[in-house]
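Biologist: Got a minute to go through this model with me? I'd like to start with how the strands pair up.

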Amino acid sequence: MPRPLWAGAISFGLVTIPVKIVSATEDHDVHFHRVHLTDMGRVRTRKVCELDDQVVSQDEIGKGYEITKDQTVPVTDEELEQMPLPTAKAIEIAAFVDADTIDPVRVSDSYYLAADGQVAAKPYTLLRKALERSSKVAVAKFAWHGRERLGLLRIREGAIVLHSMKWPDEVRNPDELAPREVEVGEEEIEQALQLAERMTIADLSGFHDEYREALEGIIAAKAEGKPLPSPAEDGKPEKGEVVDLMAALNASVKAAKDSRGEDGENATVHEMRPSKKTARKTPAKKTAATKKSTASKKPAKKTAAKKRSAS
């Protein structure tokens, strides 16, 4: 396990649980250095004082709050640590709520809470079992990295997890981002639900970072002097292209069935016809499926037309 990031206690009514915070996630991103392209020498950030233009070391740098353009107040780490906050060294549980009432947009970083010593074993287990049996999550307050934070405690595989959360006033209102009201047919909704059902899985462990793998392939090729991998074909429609929604949904349902090797006997696949609005706007365009369907229905007429033309 990685080293603890914080040590304190969970305050649960009159119960105190000594705990240590350990990061619950790992960073697998590929990190680059900034280099001078001429000779590949490292380019580093120099910390320079704006007043005397001198490079300063880390132990000469502190925090300051700008009150006015000409007045900055210094604030030390010791002063921040000694602030009279009940949450300075405690994760104080303030309430319990149903898990499904928490908006995921408010959840931020995740950490494991490890029991700190044998004295913490029993109260830690008590809180864990209470959360498991109630199907609730605990909302807590704690101070960390120079600010008070809102947290969420839940259980994951026998361990208590602390999620850092946004305060209610930190979440922007999305009302102005929603599209204008449009008409969506019941048939389209049913196809969307069918697609969601076909794409439903029980385990997310199969997902992996394809961008990182491709990036590692580029780095390996350049290091070995080999040609770079060819870019993948982009199957997305061109910008401005009118997409038949029902045709896209039907094709997506079929692709989902094919990917799972299903025969589709229980699936309801509708004939892909462009909507009336689409037909009026783009009379010359037809989906591939519509053309194929038309061709299969009228082979005799086309043959007869060819014979008359030849005679």
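Biologist: Which residue in β11 is the bridge partner of leucine 113?
Modeller: Isoleucine 160 is the partner of leucine 113. Keep in mind that this is a predicted model.

Biologist: How many bridges join β8 to β11, and do they run parallel or antiparallel?
Modeller: There are five bridges between β8 and β11, and the two strands run antiparallel.

Biologist: What stands opposite isoleucine 160 in the β10 pairing?
Modeller: Isoleucine 155 does. Strand β10 covers residues 147-156, and seven bridges join β10 to β11, again in antiparallel fashion.

Biologist: And the turn between β10 and β11, how many residues does it have?
Modeller: Two residues lie between the strands of that hairpin. Glutamate 157 is in the turn, with a positive phi of about 50 degrees.

Biologist: Is β11 mostly covered or mostly open?
Modeller: Mostly covered. Strand β11 runs over residues 159-165, and six of its seven residues are buried.

Biologist: Back to leucine 113. Which residue does leucine 113 pair with on the β2 side?
Modeller: Isoleucine 21 has leucine 113 as its bridge partner in β8. Strand β8 spans residues 107-115, and five bridges tie β2 to β8, antiparallel.

Biologist: Where does the chain of partners go from isoleucine 21?
Modeller: To tryptophan 6, whose bridge partner in β2 is isoleucine 21. Strand β1 (residues 6-12) and strand β2 (residues 15-23) are antiparallel and share seven bridges.

Biologist: Which residue has a positive phi in the β1 and β2 hairpin?
Modeller: Glycine 13, near 65 degrees. That hairpin has two residues between the strands.

Biologist: Switching to helices. Where is tyrosine 124, and is it buried or exposed?
Modeller: Tyrosine 124 is in helix α2, residues 121-134. Tyrosine 124 counts as buried because its relative accessibility is 9%, and the cut-off for buried is under 20%.

Biologist: How far is tyrosine 124 from alanine 159?
Modeller: The C-alpha to C-alpha distance is 9.1 Å, and the two residues are 35 apart in sequence.

Biologist: Last topic, charge. Which residues make up the negative patch on the surface?
Modeller: Asp27, Asp29, Asp209, Glu210 and Glu213 gather there.

Biologist: Where does glutamate 213 sit, and why is it called partly exposed?
Modeller: Glutamate 213 belongs to helix α4, residues 210-223. Glutamate 213 is partly exposed because its relative accessible area is 42%, and that label applies between 20% and 50%.

How values were computed. Residues numbered from 1 in each chain as written. Predicted model: local features only at pLDDT ≥ 70, side-chain atom pairs only at ≥ 80, totals over all residues. Heavy atoms only, no water. Patch = residues over 30% accessible without salt bridge, like charges linked within 9 Å, V, L, I, M, F, W, Y side chains within 5 Å. Areas by Shrake-Rupley, 256 points an atom, 1.4 Å probe, with all protein chains shown as cover. Salt bridge = Lys/Arg side-chain N within 4 Å of Asp/Glu carboxyl O. Lys, Arg positive; Asp, Glu negative; His and termini not counted. Charge placed at Lys NZ, Arg CZ, Asp CG, Glu CD. Helix = DSSP H or I, 4+ residues; strand = E, 2+ residues; numbered from the N terminus. Buried < 20%, exposed > 50% of the residue type's maximum accessible area, 1.4 Å probe, protein only. Pairing = 2+ DSSP bridges.
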